[in-house]
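Hi there,

Here is the structure I promised to pass on to you. Have a look around it first, and then read my notes below.

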Amino acid sequence: MKALILVGGFGTRLRPLTLSFPKPLVDFANKPMILHQGRERIVKIDNYYADIFLSRSGFQFACLVNFVMRNWYACALYSVEFQYHSGEMMHLHGFIPSIIVQIEALKDVGVTEVILAINYQPEVMISFLKDFEDKLGIKITCSQETEPLGTAGPLALARGKLADGSGEPFFVLNSDVISEYPFAELIRFHRSHGGEATIMVTKVDEPSKYGVVVMDDESGRVDRFVEKPKIFVGNKINAGIYLLNPSVLDRIDLRPTSIEKEVFPKIASEKLLYAMVLPGFWMDIGQPKDYITGLRLYLDSLRKKSSTKLAAGPHIIGNVLIHETAVIGQGCLIGPDVAIGPGCVIESGVRLSRCTVMRGVRIKKHTCVSSSIIGWHSTVGQWARIENMTILGEDVHISDEVYSNGGVVLPHKEIKSSILKPEIVM
Ligand code: GDD
Ligand code: MG
């Protein structure tokens, strides 16, 4: 079987973070979007990384020794930075992108080739994933668009690879969702219903941002598929994980086109589209608000599975994840729903809630950060207040006593005066 992963798109809603990295490579919960995955798999990935870093020259690393030794959670991957041979300095801020986990899960159910449908920063993705080909024991190829082809056009472009004459169905995945991947169940269900396509669905509170599915709960047959409906249609939505028969390719032209708007509604109208409810946790983390909500859901699920991974102490409220290399000063109050990345320094008396502080950030004394994302290697001055979905890109520097109310700040900026209402600072 084959699989195509949609890794294109410009990730505009997650800017300015995606100005530094393609969306699938942005850190989540201090590390990759994979913590809800099985322990065994992560240990294996640790080993892959260790092998890769040991076998290649030209990289600079830190903390490599601990790589294989550490337990899966205290993942030293986050301590690694390296320099690419291309001459272009690239910091990989300690992530395992979710697609690696997707690829492993695909391999487990017999997928032999994964096609990455790419249009944005292809060189970063390709050079990264090519390293994994041998290690994962699966063929990884790229299908590169010269113009963005949307969510269906890439299938037409990769038609030659997907329709290999075997008649086997193939997987299609959105790359920006975090969930478990019950692919074996998906295959079983797909084979049982005799339709042309199966999509996984999940329930959400705000369905209008997604593709909404109206289905018969018993048979799973989809009556309607409505992408981003303006009026309420239902609360079961497309989770971005599909298994499609090759015949679906006959419905797609080689042009920019949307599988959600043009293909699924048609298949549903012919009563050949089926849906399976995805068990457990799911989130599309492609928007800042959802990224922050995704962190809350994720930390909740981590609390249930292995609460010892979360920080504890009188200065902690609720679920908080602190990387072991982060330094926390005296008299801080942290939580709930906070992730603090590797190498961060949180000075004394800081208050953090509902936020992500990415690798290498320094937050100075008596500052308060809530409902915000502080990008890699940024600094926030003392007595500052950062709130209301403020997103700082990589290497942003906020002066002392500045207030940011929903500021979205592009990478490498210095902010000396307050941002009083939500706005983009270029
Ligand atoms: N190769 C390629 N080319 N990939 C693309 C392109 C493109 O032109 N445009 C988007 N993608 C990829 C994105 O990287 C992402 O992995 C996936 O296609 C979906 O695009 P998004 O931009 O993230 O769409 P969305 O989140 O608004 O909606 C989609 O996902 C929802 C679930 O998260 C739809 O599939 C909805 O129906 C669904 O509910
Ligand atoms: Mg998305």
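What follows is a short tour of what turned up.

Please keep in mind that this is a predicted model. The chain has 426 residues, and 48% of them count as buried. Along the chain there are eleven helices and 29 strands. If you take the contacts between residues at least 6 apart in sequence, 52% of them join residues at least 24 apart.

Next, the inside. The largest nonpolar core holds 102 residues, and Leu4 and Val357 are the ones that touch the most other members. Which residues is Leu4 in contact with, leaving aside its neighbours within four places in sequence? They are Ile115, Ala117, Pro154, Leu155, Ala158, Leu162, Phe170 and Val172.

Helix α10 is a nice one to practise on. This helix spans residues 259–269, and its buried residues are Ile259, Glu260, Val263, Phe264, Ile267 and Ala268. They lie on the same side of α10, because they cover an arc of only 130° around the axis. The general rule behind this is that an α-helix has 3.6 residues a turn, so residues three or four places apart point the same way. Among the elements that cover the buried residues of α10 are the strands β8 (197–203), β9 (211–215), β10 (222–227), β11 (236–244) and β12 (273–277). Just after α10, look for Lys271, which takes a positive phi of about 60°.

Finally, the record. An unreviewed UniProt entry lists residues 316–425 as "domain: Mannose-1-phosphate guanyltransferase C-terminal". In the model, residues 316–425 are 0% helix and 44% strand, with the end C-alpha atoms 32 Å apart.

Happy exploring!

Terms used
Residues numbered from 1 in each chain as written. Chains lettered and ligands numbered in written order. Predicted model: local features only at pLDDT ≥ 70, side-chain atom pairs only at ≥ 80, totals over all residues. Core = buried A, V, L, I, M, F, W, Y, C linked by C-beta atoms within 7 Å. Buried ≥ 20, exposed ≤ 12 C-beta atoms within 10 Å, placed from the backbone. Contact = placed C-beta atoms within 7 Å. Helix = DSSP H or I, 4+ residues; strand = E, 2+ residues; numbered from the N terminus. Arc of directions from axis to C-beta. UniProt positions renumbered as here; feature names shortened; annotations may be inferred.
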